[in-house]
Amino acid sequence: MHVRRLQSLILAGALLAPLSFASARPRAQGDLLDRAAALWSKARTARATFEQTITNSLTGGTLTATGEYQQQKPGKLSVSFSKPANERIVADGKYLWLYLPSTTPGQVIRTSMTEGSSGMMDPTQFLNSPRARFIVVPAGTLAIGGRPTHAFTLTPKSKAGAPFQTATVWIDDADATVRQFDVAENTGVQRKVRLTSFKTNVAVDAGAFTFEVPAGARVVNH
């Protein structure tokens, strides 16, 4: 695969992703992952800001990004980057659109989506029946943004079709918010996403889930 296109797909796999929920009364930490999954299942929309770091073992390079994320279930997601500026990732329910001119100038990459899925950026990848799909191992504690969290490392029980090799998800002790996730991708890429804000069941911009091809850009189907 062309290196620039691979970098675009790596960057797209980030997203961001996901995440957090309404407040809940603190409980024993043993069921924290289950609480997070239950709360995410009730979320219809989500909106967040994020910081992301991607390390590419193929090139030895590191990419950093910041931006805003919006999601509307099922299957719609928008990532608007402030760094790199003017870059976008949009899932409109049918296609995933990647416009990342810092790595693929003059190109838009379009990928067909599985119905109801927003791909690697959708927090459902971690929180859809996690104990049935993953081997779950507690992975310590960390204060993120001044809030205590517990981590869980998720390893897919079935390698066939698994979205990643392993993922460590850091969940807020008080409200079951996912504050950070560290993912080892099947491509060998490592990505870390820290959510600097997150709200669910809030208003989102309907137009954010529509992608218009920039003038002069060429659409490449992947």
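Let's start at one residue pair: Thr166 stands opposite Ala184, which lies in strand S10. The model you are looking at is predicted. From that pair, this briefing follows strand S10 and its two partners, then steps back to the whole chain.

**Strand S10 and its surroundings**
- Strand S10 covers residues 178-184, and six of its seven residues are buried.
- Because buried here means under 20% relative accessible area, that count tells us that S10 is largely enclosed by the rest of the structure.

**The partnership with S9**
- Strand S9 spans residues 166-172 and runs antiparallel to S10, with six bridges joining the two.
- S9 and S10 make a hairpin that has five residues between the strands.
- Look for Ala176 in this hairpin, where the residue takes a positive phi near 60 degrees.

**The partnership with S11**
- Strand S11, residues 190-200, is joined to S10 by five bridges, and these two strands also run antiparallel.
- Ala184 comes up again here, as its bridge partner in S11 is Gln190.
- S10 and S11 form a hairpin too, with five residues between them.
- In the turn of that hairpin, Gly188 has a positive phi of about 95 degrees.

**The whole chain**
- The protein chain has four helices and twelve strands.
- It is built from 222 residues, of which 46% count as buried.
- About 10200 Å² of the protein chain is exposed, and carbon and sulfur atoms supply 53% of that area.

How values were computed
Residues are numbered from 1 along each chain as its sequence is written. This is a predicted model: local features need pLDDT of at least 70, side-chain atom pairs count only at pLDDT 80 or more; totals for chains, interfaces and linings use all residues. Side-chain values use heavy atoms; hydrogens and water are left out. Buried means under 20% relative accessible area, exposed over 50%, partly exposed in between (1.4 Å probe, protein chains only). Two strands pair if DSSP finds at least two bridges between them. Accessible areas come from the Shrake-Rupley method with a 1.4 Å probe; for residues, only the protein chains shown count as cover.
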